[in-house]
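Reader: I've got the two-chain model open and would like to talk it through. Could you take my questions one at a time?

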Amino acid sequence: MVEKFDAIVVGAGPSGNAAAYTLAKGGLNVLQLERGEYPGAKNVQGGIMYAAELEKIIPDFRDDCPTERHIIEQRVWLLGDDSYIGTNYRSDAFNTDRPNRYTIIRANIDKWFSEKIREAGGLQICETTVTELIRDGSGKVIGVRTDREGGEIHADVVIMADGVNALLAKRAGYQPELQPQNVALAVKEILFIDPELIQQRFGVKEEEGVVIEIMGKVTKGMAGTAFLYTNKESLTIGIGCLISDFKAGQCPPYKMLEDLKAHPVIKPLIDGAEMKEYAAHMIPEGGYKAIPQLYGPGWMVAGDAAHFNNAAHREGSNLAMASGRMAAETVLELKAKGQPCTAANLAAYKAKLDQSFIMKDLKKYRNLPSVLHGNKQFFSEYPDVINAAAHNWFTVDSVDKKTKEKQIMGSFVKTRSVLGLVGDAIKLVRSVR
Amino acid sequence: MHIVVCIKQVPDSAQIRIHPVTNTIMRQGVPAIINPYDLFSLEEALRIKDRTGARVTVLTMGPPMAENSLRKALSFGADAAVLLTDRKFAGSDTLATSYALTSAIRKLAEEEPVDIVFCGKQTVDGDTAQVGPGIATRLGLQQLTYISSIDSVDTQAREIVVHRRSEGGVQVLKTALPCMITMLEGTNSIRFGSMDDMFRAARTPLRVWSKDDAAADETKVGLKGSPTVVSKVFVPKPKAEKAKFIEAEGGTADAFAAAAVEAIFAAQPKLSTDLLARAAQG
């Protein structure tokens, strides 16, 4: 006999968990399928977790959610060959009862979230890969097939939260193949370190954390960024660039990470730490223009599988949780009205997304991916010339300030020409408006 | 026919780390798994079930979180699961553990006589290989340890024929049921359960037994029932050295090979002279 559910959620990452929890909490008979050995086994995230979206789903998550440190300081660094220039923002006001951002070890969060889903009455089955969608004669999705014997399972609606590769939607013909310029490959290490050293080196207390977002020469002219996060008793350091750049470039990802770790401004921060984990994952970075069809008869897609990632602001898991929740709420609303999950009815999901920060933010940055992809000077020449300018400006050597200004302006013009500088400024401004 | 498979939830020893400062085992974040040796016994029990229609009950003693291992065993195809859990069991050594498990097996036998008890050859955390034989001794079962294959199970004649690895060869043994079996590693590989098994594993209510449910004598379990004394725990010095990235100009295979040899000789200067001496000897 084929089992039948109100809804099937594929994947136990942030979007799948948000969807499954919302559905179970809403009283529906929901099945969540995960290919990993346990929820989180296959998942990789930097990671920073933004509280607002999780709070909407589980308001009292802070009671037992295994976060690492709440963030009280944000640094943004532009790396030169042996220097950085950057900005910091630190505030004691981030030390509240309800912090906004946390560093996390992602697998711990997924496990915790899954427990909540089971408590809410959701059925969760791991180590089971969904191989394809099952459709009826009219093309409506009526269930899924898994890699296990007797693997056919039916449901009124299937929410695909299967991650960046979105294999299910691709196999069903709902999405095209990923383009290398729309996907980043990021590698990261978790480095074990005595918490005392974290406190000393970053000037924080036990529960407080620091985030460093990094751009510059270390990506060897490729479009990409790096990061360093403080966890409870480890540091997470990582770097990622567009796959199209890795493909064309001469530097493999692990080498780029090694170079980052050896950089003179990074090395002292991670000195003495022991590598605990190495992970790599793809990140959807095509932005607004790469968003695929989001719903159809009997199906919706959420999270990374829907390309919901704001690369400019390093936001992904919050978009994932929000979209998973919205997909689930769409189903709950239809069920309450006794209406079927047709494509026309599921259009409400798209409407919710359009009204939310997800689509608004992604639309705002819709031109950024192509600008950064086509203008590598932002990752090579600018970091150099800006760092050199700072070096010149802060070196006190009896050269008068007016001459220094001229030298600095001259170095910019020499690198990019006046027209180039103006053009770059226009491109950057346009790409974020 | 009724088969009981005893399993243990253990920390995945491949992922255990030693705290660099305090030299203690860091349990945090180390995934719990079914003792890998138990899976060979579980699979063999399931194969007997396939052949004879036997009923397979999995049994474990452990903390409440050991439920995960029992559910996993159910997902492979076991029929029922019993979790023996009680604060009174805490601190049990192998003597006390085999007693507690034996008590539970006796209880199970009251419902349906037990024909075969399967145990893992040993655990990856304790490595004693004492619990299986302990159970066999207490229950008066024929003991078949280090079994590499089960050739036949005759439910009518109540006989079993097995291959057993022994020092200097292989024994082919025939014995009467009931018996206790521990399987050698590598003799089979655990199956991939069906979708029905997965649903059943997720939904089957576990039987959770306390010390009293198993009718275990309080003086024979836990620390009270454990004569073993741990006199000292120490961490052996790790032998492995940190990995080193080797660079080579030009990036050719020859250049990498030369750089690798150079790095090896740099780390072990003696090796170079040894090799030269040997080469000189022809």
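**Walking through the two chains**

Author: Sure, and keep in mind that this is a predicted model. To start with burial, chain B has 282 residues, and the buried ones make up 34% of them.

Reader: What ipTM and pTM does the model score?
Author: Both scores come with the prediction, so to speak. The pTM is 0.87, and the ipTM is 0.85.

Reader: Where in chain B is confidence lowest?
Author: Across chain B the average pLDDT is 90, with 95% of the residues scoring at least 70. At the top end sits strand E1 (residues 2–7) of chain B, with a mean of 98. Where pLDDT is low, the coordinates shouldn't be read in detail. The lowest mean, 67, belongs to strand E4 (residues 25–26) of chain B.

Reader: Is chain B compact or spread out, going by its radius of gyration?
Author: Chain B is built from seven helices and 13 strands. For 282 residues the globule rule gives 19 Å, but chain B comes in at 24 Å, well over that, so the verdict is more spread out than a compact globule.

Reader: What box do the C-alpha atoms of chain B fill?
Author: Let's take contacts along with it: of those between residues at least 6 apart in sequence, 69% join residues at least 24 apart. Along the principal axes, the box is roughly 75 × 45 × 40 Å.

Reader: What separates the centres of domain 1 and domain 2 of chain B?
Author: The domain assignment gives chain B a domain 1 at 2–220 and a domain 2 at 249–281. Taken over C-alpha atoms, their centres are separated by 50 Å.

Reader: How many of the ten residues in helix H2 of chain B are buried?
Author: Helix H2 covers residues 67–76 of chain B and is mostly covered. Its buried residues include B:Leu70, B:Lys72 and B:Phe76. Just past the helix, B:Gly77 takes a positive phi of about 135 degrees. As for the count in H2(B), it's eight.

Reader: Which residues is B:Asp197 in contact with, leaving aside neighbours within four places in sequence?
Author: B:Asp197 sits in helix H5 (residues 195–203) of chain B. Its C-alpha is 9.8 Å from that of B:Lys72, although the two are 125 residues apart in sequence. The contacts are B:Ser75, B:Phe76 and B:Gly77.

Reader: And why does B:Asp197 count as partly exposed?
Author: A residue needs 20 or more C-beta neighbours within 10 Å to be buried, and 12 or fewer make it exposed. B:Asp197 falls in between, because its neighbour count is 19.

Reader: On to chain A. What is its radius of gyration?
Author: Chain A has 15 helices and 17 strands, and its C-alpha trace spans about 85 × 50 × 35 Å along the principal axes. A compact globule of 433 residues would have a radius of gyration near 22 Å, and chain A agrees with that at 23 Å.

Reader: What separates the centres of domain 1 and domain 3 of chain A?
Author: In chain A, domain 1 is made of 3–60 + 104–178 + 288–355, domain 2 is 181–284 and domain 3 is 369–431. Over C-alpha atoms, the centres of domain 1 and domain 3 are separated by 45 Å.

Reader: How much helix is there in the stretch that UniProt annotates as "domain: FixC-like C-terminal"?
Author: That annotation, from an unreviewed entry, covers residues 368–433 of chain A. The end C-alpha atoms of this span lie 9 Å apart. Strand accounts for 0% of the span, and helix for 77%.

Reader: Within what arc do the buried residues of H7(A) fall?
Author: In helix H7 (residues 253–262) of chain A, the buried residues are A:Pro253, A:Met256, A:Leu257, A:Leu260 and A:Lys261. They line one face of the helix, because seen down its axis they fall within an arc of 140 degrees.

Reader: One last residue: what does A:Ala279 touch, not counting residues up to four places away in sequence?
Author: A:Ala279 lies in strand E15 of chain A, a strand that is among the elements covering the buried residues of H7(A). With 16 C-beta neighbours inside 10 Å, A:Ala279 counts as partly exposed. It touches A:Val44 and A:Lys188.

How values were computed. Residues are numbered from 1 along each chain as its sequence is written. Chains are lettered from A and ligands numbered from 1 in the order in which they are written. This is a predicted model: local features need pLDDT of at least 70, side-chain atom pairs count only at pLDDT 80 or more; totals for chains, interfaces and linings use all residues. Helices (H or I, at least four residues) and strands (E, at least two) are DSSP runs, numbered from the N terminus. The arc is that of the directions from the helix axis to the C-beta atoms. Two residues are in contact if their C-beta atoms, placed from the backbone, lie within 7 Å. The radius of gyration is taken over C-alpha atoms; the globule rule is 2.2 Å times the number of residues to the power 0.38. pLDDT is the predictor's confidence in each residue, from 0 to 100. Domain bounds come from an automatic or database domain assignment. UniProt positions are given in the numbering used here, feature names are shortened, and annotations may be inferred rather than shown by experiment.
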